[in-house]
Amino acid sequence: MVNSEYELRAATADEHDRFAGLFAAAMMFESTPTDLDRELFEPKRALVAVDGDQFIASAKAMSRDLSVPGGVVPAAHVTAVGVRATHRRQGILSRLMSRQLREVPEALAVLWASEPGIYGRFGYAPAAWGVSYEVDLHRVMPHPVYRGGGRIEEVLAEDAPAQLAPMLRELQAKRPGVSGRSEQRWRRQLEDKPENRGGRTARQILVHRDEAGALDGYALWRGKLSWGPAGPANEVTVEELVALEPTAYHALWHHLLTLDLAAKLEYGNAAVDEPLQQLVSNPVALSRRLTESLWVRLTDVPRALAQRRYATGVDVVIEVTDDLLEANNGRFRLTGDAEHASCEPTESASDLSLSVNELSAAYLGGRPLAEFAATGRVTEHTPGALSATTVAFSWPVAPVSLEIF
Ligand SMILES: CC(C)(COP(=O)(O)OP(=O)(O)OC[C@H]1O[C@@H](n2cnc3c(N)ncnc32)[C@H](O)[C@@H]1OP(=O)(O)O)[C@@H](O)C(=O)NCCC(=O)NCCS
């Protein structure tokens with residue numbers, strides 16, 4: 001059922017707190033908006049549904065960039081999707097999603113889903129896997145630290161954005177799936193409200209400097225005092241770790257895996273090709289669990305395909321179906337390689353056909369198109385086209401999303 005009686009509109013700048021309150025109620029947390037939240041609010045990109053004088057649903061898009069294979073591109077970062085409990089299952093989410101996707105100026109939208117059943121119907125698909133670690137520090141046995149020189153230092157939160165931002169930008173050049181952060185966004189990321197710490201310490205910020213003193217890695221982590229029957233059993237939560245050089249990667253992980261009194265370490269945003277598994281003698285003790293992380297939805301197929309680069313030369317005609325965005329339907333000729341790409345509508349016969357979901361899943365190079373051929377969701381019309389296109393869409397480094405937004 002789709003109930004069309006409620007007005008959908010963009011919010012206004014002074015409606016931030018009402019907007020935030022509605023979403024918080026839908027997610028069941030207490031809304032405590034700050035001036036920084038209000039500064040970051042983009043009212044024209046924040047949709048609300050209204051019943052009388054009550055907000056009953058919300059969805060917003062944030063203007064941020066995202067690393068994709070071979071580049072960094074604008075991507076609508078969709079968040080704050082919520083429908084008041086009294087108004088659920090009347091099609092209001094569906095109306096919000098379809099309006100939002102039609103209005104998105106970027107060629108793709110991305111989100112983190114609270115539940116995997118929600119967004120596939122709107123053309124989204126998981127495009128990056130995440131790996132959660134729950135490390136038993138007594139069993140993991142880290143290899144001795146790599147003697148490459150350099151040192152680890154603590155940094156104050158107020159000094160961190162300026163020091164960490166260039167490293168995150170550099171990571172974007174290396175790994176797809178990483179969202180960019182403006183200076184304001186960095187401040188938001190490093191906010192540390194005591195009520196959100198869950199009994200853990202304030203956030204600790206570490207940087208690594210190479211022998212010449214240049215910053216080449218950082219880690220954000222917290223600790224928690226805990227005492228078990230066998231003695232100290234502190235817990236370490238790693239929130240983010242970025243290392244641009246092997247020395248920094250070894251040193252930061254070694255530091256965190258060997259903290260005194262600690263028995264357990266959690267890290268929620270590892271990549272499927274996370275090198276940490278090589279640095280311990282007992283990777284099973286990392287207790288790795290695969291999770292869905294970033295969902296992608298191509299909103300402008302030819303523009304999105306031309307914005308990324310390809311692992312090998314590709315020249316393929318793809319037939320796309322999209323139930324929501326009319327312009328995405330049709331045949332497109334994609335040509336590209338590691339340096340260039342172009343994608344244009346064509347009348348030529350198709351080599352492959354698929355829906356926008358599969359194309360979105362494969363976009364970051366983290367999911368092979370061949371996976372979807374095995375279930376009939378990608379069809380090969382020209383022998384060899386599936387393998388060649390699967391390899392071209394792949395990427396040497398797996399995508400990872402470092403932050404739930
Ligand atoms: C999830 C939520 C936004 C759905 O809103 P809604 O207005 O009830 O959704 P709709 O009525 O438009 O539902 C559209 C379809 O999605 C399905 N759907 C809705 N929520 C779903 C969920 N959580 N899991 C699986 N399917 C869901 C509906 O059953 C419906 O399917 P149908 O078309 O086959 O009948 C709303 O229930 C909510 O706010 N939940 C709590 C907050 C939340 O989870 N937000 C998402 C943050 S990522």
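Phe-405 is placed in the segment after helix H10 (385–393), where helices (H or I, at least four residues) and strands (E, at least two) are DSSP runs numbered from the N terminus. The structure is a predicted model, in which local features need pLDDT of at least 70 and side-chain atom pairs count only at pLDDT 80 or more, while totals for chains, interfaces and linings use all residues. Residues are numbered from 1 along each chain as its sequence is written, and side-chain values use heavy atoms, with hydrogens and water left out.

With a relative accessible area of 15%, Phe-405 is buried, a term that means under 20% relative accessible area, whereas exposed means over 50% and partly exposed lies in between (1.4 Å probe, protein chains only). When neighbours within four places in sequence are left aside, Phe-405 is in contact (heavy atoms within 4.5 Å) with ten residues that are spread along the chain, including Met-62, Arg-64, His-77, Ser-179 and Leu-294. One of these partners, His-77, is found in strand E4 and counts as buried because its relative accessibility is 0%. The side chain of His-77 makes a polar contact with the side chain of Ser-179 at 2.8 Å; a polar contact is a pair of N or O atoms within 3.5 Å, and within protein one must be able to donate a hydrogen and the other to accept it, while residues adjacent in sequence count only if both atoms are side-chain atoms. A polar atom of the His-77 side chain also lies 2.8 Å from the backbone oxygen of Ala-75.

According to UniProt, in an unreviewed entry, the feature "active site" is placed at Tyr-119 and Phe-405; UniProt positions are given in the numbering used here, feature names are shortened, and annotations may be inferred rather than shown by experiment. Tyr-119 lies in the loop between strand E5 (108–111) and strand E6 (125–126), and this residue counts as buried because its relative accessibility is 5%. Residues up to four places away in sequence not being counted, Tyr-119 touches Val-81, Met-97, Leu-111, Ala-113, Tyr-124 and Trp-295. The unreviewed UniProt entry also lists residues 6–146 for "domain: N-acetyltransferase", a span that is 21% helix and 37% strand and whose end C-alpha atoms lie 61 Å apart.

Around the ligand there are 19 residues, of which Val-81, Val-83, Arg-89, Gly-91 and Ser-94 come nearest, a residue being near a molecule if one of its heavy atoms lies within 4 Å of it. Helix H1 (16–27), strand E4 (71–83) and helix H3 (92–103) each supply at least two residues of this shell. By class, the shell has nine nonpolar, six polar and four charged residues, where Ala, Val, Leu, Ile, Met, Phe, Trp, Tyr, Cys and Pro count as nonpolar, Asp, Glu, Lys and Arg as charged, and the others, Gly among them, as polar. A backbone N or O atom of Val-81 lies 2.8 Å from a nitrogen atom of the ligand, whereas backbone N or O atoms of Gln-90 and Gly-91 lie 3.3 Å and 2.8 Å, respectively, from an oxygen atom of the ligand. Of the 900 Å² of accessible area that the ligand has on its own, the protein covers 72%, with areas taken from the Shrake-Rupley method with a 1.4 Å probe and, for residues, only the protein chains shown counting as cover.

Asp-322 is found in the loop between strand E17 (314–321) and strand E18 (330–336), and Asp-322 counts as buried because its relative accessibility is 4%. The side chain of Asp-322 makes a polar contact of 2.8 Å with the side chain of Arg-297.
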